[in-house]
Amino acid sequence: MRQHIVAGNWKMNMSFEGADDLTNEIKEMLEEHTLPKETLLVVCPPFPYLELVSDYSSESYFAVGAQNVSDRDNGAFTGEVSAEMLESMELEYCIVGHSERRAYYGETNALVAAKVNQLIKHDISPIVCVGEVLEEREAGKQFEVVAQQLVEGLFHLSANDFRRVVIAYEPVWAIGTGKTATPEQAQEIHAHIRGLIAKQYGQEVADDTSILYGGSCKPSNAKELFDPDVDGGLIGGASLKAKDFIDIALSF
Ligand code: PGA
């Protein structure tokens, strides 16, 4: 059975001290509330806090992910962080292709594909974000936009490598806006994504792939969103509050 995943994307937020406090709170809440066995929590802090959060994760019950990775091997690429470095820290996940990176840093589907390849090479599961902007939704193009992102960013992988991938459908118009996709809208596009995976890799791989929803997901709407093709969430704003983050994970 595929895994339920609730991943917290802290984005570029928090001081070191704030990160310490938040992670400690998450840990304490996880000691009070046991998550269902098939639900995995992933915390994705900014790069400078990865070690801090990883130290907590070793004694607690969540996995740790980065928010970005270089498309290059190690070397003279000032400011970049390689998949090999993340692997050496024993990180298990890394977000790729977030709409903010696509919009502000020119991350194309080709760059997403190159980053995914680096992560797979270093045994890290990519959490690959796809999703349409408002104009595309209004023009009814969301299905083709998402299909193109999958084909160009992911479908070059072998079935075996694809099994490591987690997909996050994040309608760009719902990110940080307080607007959420309706459960019907989310379910419809998640089923579409699963159908595309089935066509490319077969039904078994599709059935095993976790497809998360992201975009103003919070404790009050998580329960209705997580069903039946929506296998969890990629959470931005609400992941900065331990209680909200854990409440979302307890929504299954
Ligand atoms: P949000 O962000 O939950 O703040 O809308 C989600 C995301 O960008 O991953």
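I began with Gln149 and looked up what it touches: leaving out residues up to four places away in sequence, Gln149 touches Arg102, Asn109, Val130, Gly131 and Leu154, where contact means heavy atoms within 4.5 Å. I noted that this is a predicted model, in which local features need pLDDT of at least 70 and side-chain atom pairs count only at pLDDT 80 or more, while totals for chains, interfaces and linings use all residues. Residues are numbered from 1 along each chain as its sequence is written, and side-chain values use heavy atoms, with hydrogens and water left out.

I found Gln149 in helix 7 (residues 142-153); helices (H or I, at least four residues) and strands (E, at least two) are DSSP runs, numbered from the N terminus. Is Gln149 buried or exposed? At 10% relative accessibility Gln149 counts as buried, given that buried means under 20% relative accessible area, exposed over 50%, and partly exposed in between (1.4 Å probe, protein chains only). From Gln149 to Ser220 I read a C-alpha to C-alpha distance of 30 Å, with their places 71 residues apart in sequence.

Next I turned to Asn13, which lies in the loop between strand 1 (4-9) and helix 1 and is partly exposed, with a relative accessible area of 32%. Not counting residues up to four places away in sequence, Asn13 touches Pro46, Tyr49 and Leu240. I also saw that the side chain of Asn13 reaches the backbone oxygen of Trp10 at 2.9 Å, and I kept the rule for such a polar contact beside it: a pair of N or O atoms within 3.5 Å, where within protein one must be able to donate a hydrogen and the other to accept it, and residues adjacent in sequence count only if both atoms are side-chain atoms. The C-alpha atoms of Asn13 and Asp123 are separated by 27 Å, and the two residues are 110 residues apart along the chain.

I then went through the salt bridges, each a side-chain nitrogen of Lys or Arg within 4 Å of a carboxyl oxygen of Asp or Glu; the structure holds 16 of them. One of them joins the side chains of Asp73 and Lys121 at 3.0 Å, N to O. Asp73 lies in the loop between strand 3 (62-66) and helix 3 (83-88) and Lys121 in helix 5 (residues 109-121), so this pair ties together parts that are 48 residues apart in sequence. Asp73 is partly exposed, with a relative accessible area of 44%, whereas Lys121, at 52% relative accessibility, counts as exposed.

Another salt bridge is formed by Lys115 with Glu107, the closest N and O atoms being 2.8 Å apart. Here I found Lys115 buried at 5% relative accessibility and Glu107 buried at 4%.

Asp123 came up again, since the side chains of Asp123 and Arg164 meet in a salt bridge (3.3 Å, N to O). Asp123 lies in the loop between helix 5 and strand 5 (125-130) and Arg164 in the loop between helix 8 (159-162) and strand 6 (166-169), so the pair ties together parts that are 41 residues apart in sequence. Asp123 is partly exposed at 48% relative accessible area, and Arg164 is partly exposed at 29%. I added that salt bridges with shared partners join Arg2, Arg194, Asp229 and Asp231 into one network.

My last entries concern Ser216, found in the loop between strand 7 (211-214) and helix 11 (219-225). Ser216 counts as buried at 15% relative accessibility, and its side chain reaches the backbone nitrogen of Gly178 at 2.9 Å. Leaving aside neighbours within four places in sequence, Ser216 is in contact with Ala174, Gly176, Thr177, Gly178, Lys179, Thr180 and Asn221.

I closed with helix 2 (residues 50-59), whose buried residues are Leu50, Leu52, Val53, Ser54, Tyr56 and Ser57. Which elements do these buried residues of helix 2 pack against? I listed helix 1 (16-32), strand 2 (39-44), strand 3 and helix 3.
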